[in-house]
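Colleague: I am new to this structure and should like to learn how to read its features. Might we go through them one at a time?

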Amino acid sequence: MEMSLTFKIIIGLLLLILLIRKFKIKRSLIFFTIFCIGLGFSFIPLEEKEMKNQTIYGFVIESETNYYLLKSGIHSYYVYEENNEVDALSFIKVKGNIKELSFSSIESQFDFENYLNQKGVYNELEVSEKEVIIPNIFRPKEKMNDFLNHFDEDGKIMLEALLFSKRNYDHYSTSNFTSLSIIHLFSISGIYVYLTLSFLNYIFTMFFKERRANLISLSILSIFAILTFPSFSIIRILFIKGFEHFNHYRLNNKFSKTEVLSIVAISFLLINFNLASQLSFQFGFIASFIINFLNLKIRETSGIKRKLLFTFTLAFIFLPFNMAQNGEFNILFALFQLVFAPMNGVIFVSGFFFYLTYPIFPFFINFLSSFVLGLSNVFASLPLSLHVPGFIDVELIIYLLCFLVLIYSAEIKYRKLFKWAYLAVIAVNVIHFINVGQGDSTLIMHRGATCLIDTGGIFNLDVAKESLIPYLKKQRIYRLDYLIITHEDFDHNGAKESLIKNFPVGKVIENQNNFPFNLNGLILENLNYTNLDRGENDASFVIKFSLNDMKFLLMGDASSEVENKLISSGIDLSTDILKLGHHGSKSSSSYEFLKVCNPDEVIISAGENNRYGHPSKDTLSRLERLDIKYRLTYLEGTITYRLI
């Protein structure tokens, strides 16, 4: 789930309104202006040209099994290294070649390049020589592995996730927590860190004054932050609590809780403006602001009621994030948070102390982990999940706006406002050019009816199970009314059988005689009638339709020969959106055809660095000569047009 620029702007404006209402306009505007500057900088791609034999000094800011990220000045680099042993926060010297990132992805799969871009990484460094100048003296990788070896499989799974945010996606627990809509509890969470700090303060206040006890607790958390770097949840809370301590003991509470959060958020953006694009930053501070505004209401309650209110509030804040994971919504998600959060918290706190000292009682964590994972298995087997997709921008804005309305109504005790906080967003007509790698797949949604044109196909991947079906569910589609196969090339129909087997599909259209047909009032025509074998490119259906005065023309794999026949026939080929034939191959999309069609935009469905060289440089050159804007699925991902 990724927040778009539109969403960020609107949420920013809402926060500004709340800040102005709560505090002085001048101070609020200063906070908001600096936040916007940081947000603006986050959209500047710091790409470098390809260079060879470069010597670079920098800090390792993230270290995983087979790669690490290197920060040098304003630039960050991705470095691939099998069995990587360099620790985060090490200062190293490397020599190698700088090149652009190049990772392919398809719809509904993890987009690693986008993940790196959000961290400000736009280039890869092919290292030929490496020298660790100043290693991380704590050696966290070695310490983590030694620590985990004391536990059984269940204990390792829980500790890796909760302490080190290393989630095992092949383990059943990940899908269980996802289906229960509480996946955010299966990683380092602010809830657990706050719990740990509270426990530390409780222990140390038995021996020291509150001020010193607080400092000792923060110092211990600082060591843990270094050992688990770059865990943003821990770093965020460390800075918030550190500034609260300074504000209380040095500044005599000059700043309110909201101002403390604002200052810390702004400081993070000034240090690393790329954080503005990362969900850990966005949801972490959104949750903190909402909890803070609710805090007065929460303080009015006590005991079990207070804990329930806090737990349910957190559950609803994280609901959009959890829904985005797999397009599911568990109707008892808030109850499951209430059940699992305390047990996960105990595992986190115990693991925290054992990690910094020694795992004296590993059987305790092993037992509790097995109980948690077993319980998640039982709950996940219950048919309590509904297929509800992650929110689109407008829906997410309305959802969070409802939270703000509830907060405001609680503050002014105007309870009628509670009745007005509900969601009502319906997309009427939507065209999706789905990113299926080197292939074609187009989804049409019209007045509740659905039609998929081609399925794509990749030989080493089940595109239906891994991409199409998850994407359909995210779009609230649980049955396809029509499936059109333009022709029998594998990259157009390779996922057909799996899709039909694993997803409800109505009528499959593979015959020219089925055209034209009516999709709930939308007429789809095939312009290419031919006697060629269905496996040949020139036998592709050429599909034309108009939606809300916008014309679409989908060329399948038709070549220039088919294009010339269409021009000679005198058919009206003018269109607004043209999907180029044969993935932008040089054998299609002739200059004359493009000129006759005169599209506003062109869609090219192709896989990155494919072996066919699609799209052809000749084709792109023709588009540029005619000043036609083109969009590529391997660059943008799935391309969507919403027509009201």
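Modeller: Certainly; please bear in mind that this is a predicted model. Let us start from a single residue, F177: leaving aside residues up to four places away in sequence, F177 touches I182, I183, F186, F340, N344, V372, L373 and S376.

Colleague: Which residues touch the most other members of the largest nonpolar core?

Modeller: That core has 51 residues, and F147, L159, F177, F340 and I347 are the ones that touch the most other members. Among the elements giving two or more residues to this core are α4 (140-148), α5 (153-164), α7 (190-204) and α14 (362-380). The largest share, nine residues, is supplied by α13. There is also a second, separate core of 24 residues, which includes F541, F545, L554 and I639.

Colleague: Why is helix α6 largely enclosed by the rest of the structure?

Modeller: Helix α6 (residues 172-179) is largely enclosed because six of its eight residues are buried. The buried residues in α6 are S173, T174, N176, F177, T178 and S179. Just after α6, S181 adopts a positive phi of about 60 degrees.

Colleague: How should one describe two packed helices?

Modeller: One gives the angle between their axes and the distance between the axes. Here, helix α8 (residues 210-227) packs with helix α13 (residues 333-356) at an angle of about 85 degrees, and their axes are 11 Å apart. The two helices, α8 and α13, are therefore roughly perpendicular to each other.

Colleague: Which residues make that contact?

Modeller: From α8 they are I220, L221, I223, F224 and L227, and from α13 they are F348, F352, Y355 and L356. The residues of this contact comprise nine nonpolar, no polar and no charged.

How values were computed. Residues numbered from 1 in each chain as written. Predicted model: local features only at pLDDT ≥ 70, side-chain atom pairs only at ≥ 80, totals over all residues. Heavy atoms only, no water. Axes fitted to C-alpha atoms, helices over the stretch in contact; angles between N-to-C directions. Helix = DSSP H or I, 4+ residues; strand = E, 2+ residues; numbered from the N terminus. Parallel < 35°, antiparallel > 145°, perpendicular 65-115°, else oblique. Contact = heavy atoms within 4.5 Å. Nonpolar A, V, L, I, M, F, W, Y, C, P; charged D, E, K, R; others polar. Buried < 20%, exposed > 50% of the residue type's maximum accessible area, 1.4 Å probe, protein only. Core = buried A, V, L, I, M, F, W, Y, C linked by side-chain atoms within 4.5 Å.
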